[in-house]
Each structure stands twice: as C-alpha cells, then as structure tokens.
Amino acid sequence: QVAAQSGAEIILAFKAYALWKTFPIMREYISHTTASSPFEARLALEEFGSLAHTYSPAYTQEDFSEILRCSGHITFNSLSQYRRFASQVLAYQEHPVSMGLRVNPEYSEIETELYNPCAPGSRMGVISELLGNKLPEGIEGLHFHTLCESSSYDLEKTLMEVEKRFGRF
C-alpha cells in the first residue's frame, strides 16, 4: 500500500532478511532486493525472481560478470571502482543495468566512529570535491547511507547535506 500510494519502490535488503523460503510471500509485496555479493545477486535472480540492486565496497574481477548477470542496478563505491568496471556495464547487452555512485555526505549523526560511514578518512563513498561539475558517464543515481538505527530526523539532516554537496547533479 505504501509503494502504491507513494510511487516508492520498496527493496528488500538481504543482509536483514535472507529467509528465501518466504520469498513467494514477500514477492507479493516487494518487487526487488539488494545484494552485496555475487551470491546474494544470484539469490535475488533465482529465488526472488528479480534483478538485484547491487552495491559492494569491493567488487572483484572474478565476481563481476556474475554480479552483472544478476543485477539491474550496480552502485560503485569509488571513482577507481567505477573506472575499473564501468566499461563492462556499458558494453553489457543481456539486459539494462543502471549505474550509481555511492557518495559520502561528510555528515552523520553516528557517534561511534567505528560505525560512522562518514568518519574522517572513511573510504565509504566519494566526497563532493572529487566529482568536479559532472557525474561520470553512465551514472544515473547517487547512493548514501544513514544507518538503520538512525531516525527519520537524522535522514532528513543527512539529505540536506547531500543536497548541499551534490545538488549540482
């Protein structure tokens, strides 16, 4: 009902819920899943019946063709990761694959630095100053994190920082 009324796409995160025997019931309400490995991406395709929204801070060349085969969206963690794999995505012909880029809003309400994706020196996402004035070729969306234990107010504050730093795109 939320998805139908809002137009939002609700995506099941396998990290939080990978009880594949319930997928037939879940498919009635949720159409897509996330993945962070070739195994989760394959699970999405073979057992959930849809292409995964895949993000990993460390794709490997050995795994990338399987991730590509099983994903409809692939998000890169860094510009070097984008440069390493984007040509394979752009050349892929089996089905459309949308590319995204994880950005680091350099703002977080997380107090424990170990869990803070925006802590100084974090390698989670690209900071605004590294992007210049345009997104890399083929990037269609931005991805950022406000951790699951954060509130909607924390998300609102983080989104304001994302808009401030990345709104030019």
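**Salt bridges around Arg69 and beyond**

Q: What is the relative accessible area of Arg69?
A: This is a predicted model, so local features need pLDDT of at least 70 and side-chain atom pairs 80 or more, while totals for chains, interfaces and linings use all residues. Residues count from 1 along each chain as its sequence is written, and side-chain values use heavy atoms, leaving out hydrogens and water. Arg69 is partly exposed (between buried, under 20%, and exposed, over 50%; 1.4 Å probe, protein chains only), with a relative accessible area of 34%.

Q: How many residues apart are Arg69 and Glu46?
A: Their side chains meet in a salt bridge at 3.9 Å, N to O (Lys or Arg side-chain nitrogen within 4 Å of an Asp or Glu carboxyl oxygen). Arg69 sits in helix 4 (residues 61–70) and Glu46 in helix 3, so distant parts of the chain get linked (helices are DSSP runs of H or I, at least four residues; strands are E, at least two; both numbered from the N terminus). The separation is 23 residues.

Q: Which helix holds both Arg42 and Glu46?
A: These two side chains form a salt bridge at 3.0 Å, N to O. Arg42 is partly exposed at 39%, and Glu46 is too, at 45%. They are four residues apart, about one helical turn, in helix 3.

Q: How far apart in sequence are Glu106 and Arg165?
A: Glu106, partly exposed at 40%, meets Arg165 in a salt bridge at 3.6 Å, N to O. Glu106 lies in the loop between strand 5 and strand 6, and Arg165 in helix 6 (residues 152–166), so the pair ties together parts separated by 59 residues.

Q: Which residues do salt bridges with shared partners join into one network?
A: The whole structure has seven salt bridges. Those that share partners link up Arg42, Glu46, Glu66 and Arg69.
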